[in-house]
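This briefing is meant to be read alongside the sequence and the coordinates. Please keep both in view while going through the points below.

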Amino acid sequence: MKSMDLGNGIDQWTIILDFKGFSIRKSPTVEEIKELAKILDERFPGRLRRGFVINAPALFSGIWTIVSKFIAVDTRQKFVFAKKNKTLKKYINEDQLPSIYGGSLEFNMHEYWQSERNIWIENGYL
């Protein structure tokens, strides 16, 4: 995830939603996805710069049709369905793109989210 400082204390995020290894049994419910979308829209308005969906199974297009109705139009338009790393490189600088997607950034997601979680706890968000 890349965070871009806009100079006024506001960051924008570029996220990659990778569905590699996706299993319907392990997936969140439509209600959980709707709740997440609501939280992101209410607590983090304008933060999403771009969202990439990669390795999505064919089933996902049906899920997206349902879920996207609960996402603000301007947010929904920020999502790109990418089939190749080439698409990611078009939007994300190589030094900010994790190496698993063809960039040069060495990124440990577990360490990153643990760090973020600690910051959120310190600031009373969790």
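The points that follow move from the overall fold to one helix, a surface patch and some single residues.

The model is a predicted one, and its chain contains five helices and four strands. Read along the sequence, these elements come in the order β-β-α-β-α-α-β-α-α. The radius of gyration is 15 Å, close to the 14 Å that the globule rule gives for 126 residues, so the chain is as compact as a globular protein of that length.

**Overall fold**

- Along its principal axes, the C-alpha trace of the chain spans about 35 × 35 × 30 Å.
- Of the 126 residues in the chain, 23% are buried.
- When contacts between residues at least 6 apart in sequence are considered, 63% of them join residues that are at least 24 apart.
- The chain exposes about 9100 Å², and carbon and sulfur atoms supply 53% of that area.

**The buried side of α2**

- Within α2, the residues Phe60, Ile63, Trp64 and Val67 are buried. They lie on the same side of α2, because they cover an arc of only 100° around the axis.
- The partners against which the buried residues of α2 pack are α1 (30-43), β3 (48-54), α3 and β4 (79-82).
- Phe60, which is found in helix α2, has a relative accessible area of 9% and is therefore buried, the cut-off being under 20%.
- Once its neighbours within four places in sequence are left aside, Phe60 is in contact with Phe19, Val53 and Phe81. For Phe60 and Phe19, which are 41 residues apart along the chain, the C-alpha atoms are separated by 9.3 Å.

**A nonpolar surface patch**

- Val30, Ile66 and Phe70 form a nonpolar patch on the surface, and together they have about 240 Å² of accessible area.
- Val30 has its place in helix α1, whereas Phe70 lies in the loop between α2 (59-67) and α3 (73-76).
- Val30 is partly exposed, because its relative accessible area of 34% falls between the limits of 20% for buried and 50% for exposed. Phe70, at 42% relative accessibility, likewise counts as partly exposed.
- Val30 can also be related to the buried residues of α2, since Val30 and Ile63 are 33 residues apart in sequence and 7.9 Å apart in space, C-alpha to C-alpha.

**A backbone feature at Asn55**

- Asn55 is found in the loop between β3 and α2, and its phi is positive, at about 55°, although it is not a glycine.
- Most residues other than glycine have a negative phi.
- With a relative accessibility of 44%, Asn55 counts as partly exposed.

**Met109 in the last helix of the pattern**

- Met109 is found in helix α5, which comprises residues 109-122.
- At 49% relative accessibility, Met109 counts as partly exposed, because the exposed class requires over 50%.
- The C-alpha atoms of Met109 and Pro98, eleven residues apart along the chain, are separated by 9.8 Å.

Key: Residues are numbered from 1 along each chain as its sequence is written. This is a predicted model: local features need pLDDT of at least 70, side-chain atom pairs count only at pLDDT 80 or more; totals for chains, interfaces and linings use all residues. Side-chain values use heavy atoms; hydrogens and water are left out. Patches are made of residues with over 30% relative accessible area and no salt bridge: like charges are joined within 9 Å, nonpolar side chains (Val, Leu, Ile, Met, Phe, Trp, Tyr) within 5 Å. Accessible areas come from the Shrake-Rupley method with a 1.4 Å probe; for residues, only the protein chains shown count as cover. A salt bridge is a side-chain nitrogen of Lys or Arg within 4 Å of a carboxyl oxygen of Asp or Glu. Helices (H or I, at least four residues) and strands (E, at least two) are DSSP runs, numbered from the N terminus. Buried means under 20% relative accessible area, exposed over 50%, partly exposed in between (1.4 Å probe, protein chains only). The arc is that of the directions from the helix axis to the C-beta atoms. Contact means heavy atoms within 4.5 Å. The radius of gyration is taken over C-alpha atoms; the globule rule is 2.2 Å times the number of residues to the power 0.38.
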